[in-house]
Amino acid sequence: MKKSSFWLLLVSLLALVLAACGPQGPQKGNLRITVNAPQGVTPEVQVTGPGSYSRSITTTGETNLTNLDPGNYTITPLRKKVNGYGYEGNGATVPVQAGATANHTVNYQVVTGKIEVTIAGLPSGLQAEIYIKKPDGSNLAGPLNGNTTIEDVAPGTVSYTHLT
């Protein structure tokens, strides 16, 4: 092998080795989660991901999760009950890529309500025995013989019956 060919080969190999050892792109990613909830509702959002990653978010507004391993992250808003009303948020599975920021917004909304029952005007000693029925006819509550509040009631038409 000629001297010039040897040096050319050596320089080429050295350049190849240095290129392989050069700076690499980002290895981590980020996830920005924005949580919105009605006043009085304290959110609780669980975030899980690769490598046993787990984080809980309990505030509204923006939370930036940084330096995350690439992969899929599951965002799970937990159901909350406040003053008899049920609230749920929208979850998702969000892919996080190296060198990028993924985004998701959780919006908590009321999904159940409450029924307030007031019983008045009955003669002394008489029991009202009121039953609140679900749309399918099954009992939601009863027998009710006094004022009461039924909480966390699914949407739909309810009816009532009473014994005479």
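## Asp152 and its partners

Let's start with a single acidic residue in this predicted model. Asp152 has a relative accessible area of 28%, so it counts as partly exposed. Its side chain meets that of Arg79 in a salt bridge, with 2.9 Å from N to O. Arg79 sits in the loop between β5 (71-77) and β6, while Asp152 belongs to strand β13 (residues 148-153), so the contact ties together parts that are 73 residues apart in sequence.

Arg79 is partly exposed too, at 39% relative accessible area. The pair does not stand alone: Arg79, Glu88 and Asp152 are linked in a network of salt bridges.

## Other salt bridges

The structure holds seven salt bridges. One of them joins the side chains of Lys80 and Glu44, at 3.5 Å from N to O. Here again distant parts of the chain are linked: Lys80 is in strand β6 (residues 80-82) and Glu44 is in the loop between β1 and β2 (45-49), with their positions 36 residues apart. Lys80 is partly exposed at 21% relative accessible area, and Glu44 is partly exposed at 25%.

Glu116 and Lys114 form another side-chain salt bridge, at 3.8 Å from N to O. Glu116 is exposed, with a relative accessible area of 56%. Since exposed means over 50%, Lys114, at 30%, counts as partly exposed instead.

## A three-strand sheet

Now for the strands. Three of them form an open sheet in the order β4-β1-β9, and the pairing is mixed. Strands β4 (61-68) and β9 stand at the edges with a single partner strand each, so one side of each has no neighbour in the sheet. From one strand to the next, the twist averages 15°.

The mixed character is easy to follow from β1. Strand β1 (residues 29-36) pairs with β9 in the parallel sense over seven bridges, and Asn30 stands opposite Thr101 in β9. With β4, strand β1 runs antiparallel, joined by six bridges; on this side Leu31 stands opposite Leu65 in β4.

## The two faces of β9

In a regular strand, side chains alternate between the two faces of the sheet. Strand β9 (residues 101-107) is a nice place to look at its two faces. Ala102, His104 and Val106 make up the covered face, whereas Thr101, Asn103, Thr105 and Asn107 make up the uncovered one. Thr101, which stands opposite Asn30, is thus part of the uncovered face of β9.

Notes: Residues numbered from 1 in each chain as written. Predicted model: local features only at pLDDT ≥ 70, side-chain atom pairs only at ≥ 80, totals over all residues. Heavy atoms only, no water. Buried < 20%, exposed > 50% of the residue type's maximum accessible area, 1.4 Å probe, protein only. Helix = DSSP H or I, 4+ residues; strand = E, 2+ residues; numbered from the N terminus. Pairing = 2+ DSSP bridges. Axes fitted to C-alpha atoms, helices over the stretch in contact; angles between N-to-C directions. Salt bridge = Lys/Arg side-chain N within 4 Å of Asp/Glu carboxyl O.
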